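Here's a quick briefing to read with the model open in your viewer. Start with what counts as buried, then work through the topics below.

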Amino acid sequence: MLNHISIGTASLSRAKAFYDNTLTALGYRCLSEDAGSLGYGDQSVEFWVLKTEHPVADDAASGLHICFSAPSRQCVDRFHAAGLRHGGRDHGKPGLRPDYGANYYAAFLKDPDGYRIEAYCAAAS
């Protein structure tokens, strides 16, 4: 359904350090970079980070949350650890979420701008 999504950041260099490390843990990489944007994906850009003066405020009531697919539970763990090392904040440690499904393994972070992001793997251990 979706071709891509984009978010704004106050600091492209800070976002690059965060997303280069967290998304690499999931098998994605920066495929496009210029003075105003970063584009991530595995074969084509599906996630854009744009330099902006007014990123969306950190607001839990907004409902905004972005979930990235992970090939394994170990990748979810690496995503979370990398995010914490590179300016992210914990928003849910890696683990099973049985209320979402029997094999729903996920971790949640807030990126340096406050966006809520998730890595999710459906594979059984």
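A residue counts as buried when its relative accessible area is under 20%, as exposed when that area is over 50%, and as partly exposed in between. By that yardstick G41, at 4% relative accessibility, is buried. Keep in mind that you're looking at a predicted model. With that said, here's the tour.

**Two buried glycines**

- G41 sits in strand 3, and its relative accessibility of 4% makes it a buried residue.
- Setting aside residues up to four places away in sequence, G41 touches Y28, R29, L31 and E46.
- G41 and H4 are 37 residues apart along the chain, and their C-alpha atoms are separated by 9.6 Å.
- The other glycine to look at is G95, which belongs to strand 6 (residues 89-96).
- G95 has a relative accessible area of 13%, so it's buried too.
- Once neighbours within four places in sequence are left out, the contacts of G95 are Y104, Y105 and A106.
- Between the C-alpha atoms of G95 and T24 there's 20 Å, with their positions 71 residues apart along the chain.

**Nonpolar core**

- The largest nonpolar core holds 26 residues, and the ones touching the most other members are Y19, L26, F47 and V49.
- Helix 1 (12-24), strand 3, strand 4, strand 5, helix 2 (73-85), strand 7 (105-110) and strand 8 (116-121) each put at least two residues into this core.
- Helix 1 gives the largest share of this core, with 5 residues.
- L26 is worth clicking on: leaving out neighbours within four places in sequence, L26 is in contact with F68, S69, A70, P71, C75, V76, F79 and A119.

**Cysteines**

- If you're wondering how many disulfides there are, a search of the whole structure turns up 0.
- Why is C30 unpaired? Its sulfur is 19 Å from the closest cysteine sulfur, the one in C75, and that's too far for a bond.
- C121 isn't in a disulfide either, with the nearest cysteine sulfur, again that of C75, 7.9 Å away.
- For a disulfide, the two sulfur atoms would have to be within 2.5 Å.
- C30 is partly exposed, with a relative accessible area of 24%, whereas C121 is buried at 3% relative accessibility.

**Largest pocket**

- The largest pocket contains about 340 Å³ of space.
- Its lining is made up of 16 residues, and those nearest the centre are I5, E46, F47, C67 and F68.
- Strand 3 (37-41), strand 4 (45-51) and strand 5 (66-69) each contribute at least two residues to that lining.
- Strand 5 provides the largest share of the pocket lining, 4 residues.
- Sorted by class, the pocket lining comes out as 9 nonpolar, 5 polar and 2 charged residues.
- F47 turns up twice: it's one of the residues nearest the pocket centre, and it's also among the core residues that touch the most other members.

**Largest cavity**

- Searching the whole structure for cavities of 30 Å³ or more gives 1.
- About 70 Å³ of space lies in the largest cavity.
- Around the largest cavity you'll find V56, A57, D58, D59, S62, L64, D113, G114, Y115 and R116.
- That cavity lining splits into 4 nonpolar, 2 polar and 4 charged residues.

Conventions: Residues numbered from 1 in each chain as written. Predicted model: local features only at pLDDT ≥ 70, side-chain atom pairs only at ≥ 80, totals over all residues. Heavy atoms only, no water. Buried < 20%, exposed > 50% of the residue type's maximum accessible area, 1.4 Å probe, protein only. 1 Å grid on protein atoms, 1.4 Å probe; cavity = no way out; pocket = protein on both sides within 12 Å on 5 of 7 lines; lining within 4 Å. Points joined across faces, edges and corners; volume = space filled by probe spheres on them. Nonpolar A, V, L, I, M, F, W, Y, C, P; charged D, E, K, R; others polar. Core = buried A, V, L, I, M, F, W, Y, C linked by side-chain atoms within 4.5 Å. Contact = heavy atoms within 4.5 Å.
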